[in-house]
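Please describe the surroundings of one central strand and of one loop residue in this model. The report below takes the strand and its partners before the loop residue.

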Amino acid sequence: MARRTAEPPALPGLAEAAAPVPAEETPHYHGHRERLRARFAQAGAEALADYELLELTLFRSIPRRDVKPLAKALIQRFGSFAEVVSAEPTRLIEVEGVSAGVAADLKLIEAAGRRLARGAIAARPLLSSWSALIEYLRATMAFSGREEFRVLFLDRRNHLIADEVLGRGTVDHTPVYPREVARRALELASTAIILAHNHPSGDPAPSKADIRMTREIVTVLDPLGIVVHDHVILGRDGHASLKGLKLI
């Protein structure tokens with residue numbers, strides 16, 4: 001009887017190595033990211049919709065996912081790019097896909113915007129830099145979900161000494177104490193102030209309570225030789241100046 005020669009055992013992995021390996025497909029959003037970056041570089045932020053600018057912001061936070069749906073969801077939830085980055089972190093992470101890290105990155109964008117706006121008014125007389133002041137106040141307050149009462153303390157040349165929030169409240173009310181404003185102005189040796197607060201409703205029109213409170217502060221500060229230059233109310237729809245409206 002003829003003897004059969006045993007076949008040599010297959011080497012481990014030989015069959016797998018011989019099989020063709022399909023090339024990995026490049027995710028479809030990679031090309032989109034490059035196109036969006038190119039548009040931003042060539043035409044600037046004004047050429048982009050709010051959700052597209054938000055996409056650019058999210059690229060670094062979320063490098064391996066299509067972020068367009070998330071950007072659109074955030075705009076739909078909060079209304080605009082400015083309102084997204086101004087939202088409280090606890091509200092941001094309520095949106096599916098937003099982690100604590102993504103929320104922190106968005107708040108960093110807000111902080112950078114505020115710092116840039118403040119730099120435009122830091123070493124200039126505020127009364128001659130009114131448009132820069134309004135831009136700073138809008139960046140700082142206009143899109144907050146709660147009322148904030150802010151006082152800008154000025155020196156004799158109307159340069160900024162300090163910018164302080166002296167009250168935070170609810171969506172439609174902030175407690176304000178005129179004597180606390182006076183005490184802080186005296187501590188800082190301030191000779192003039194500008195008051196500011198926001199209306200989360202979006203409408204900057206002053207209420208009767210706003211007018212009454214402003215006049216109370218003027219009455220307390222006047223004997224101390226401290227001038228109230230204005231009270232500016234910020235909202236998503238613009239701003240109102242009580243001095244411009246001849247209410248103080």
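Two strands are taken to pair if DSSP finds at least two bridges between them, and strands (E, at least two residues) and helices (H or I, at least four residues) are DSSP runs, numbered from the N terminus. The model is predicted, so that local features need pLDDT of at least 70 and side-chain atom pairs count only at pLDDT 80 or more, while totals for chains, interfaces and linings use all residues. Residues are numbered from 1 along each chain as its sequence is written, and side-chain values use heavy atoms, with hydrogens and water left out.

Strand β4 (residues 227-235) is largely enclosed by the rest of the structure, because 8 of its 9 residues are buried, where buried means under 20% relative accessible area (1.4 Å probe, protein chains only). Its pairings are set out here.

| Partner of β4 | Bridges | Direction | Opposed residues |
|---|---|---|---|
| β3 (residues 192-198) | 7 bridges | parallel | Ile193 and Val228 |
| β5 (residues 238-241) | 4 bridges | antiparallel | Gly235 and Gly238 |

Between β3 and β4 the chain passes through helix α10 (residues 208-221), making a right-handed β-α-β crossover; right-handed means that, with the strands pointing away from the viewer, the path from the first strand over the helix to the second runs clockwise. From β4 to β5 the connection is a hairpin of 2 residues.

Val176 lies in the loop between β2 (160-168) and α9 (178-187), and it counts as buried because its relative accessibility is 18%. Apart from neighbours within four places in sequence, Val176 is in contact (heavy atoms within 4.5 Å) with Phe149, Met213 and Ile217. Its C-alpha atom is separated by 9.7 Å from that of Thr214, 38 residues apart along the chain.

Notes:
Buried < 20%, exposed > 50% of the residue type's maximum accessible area, 1.4 Å probe, protein only.
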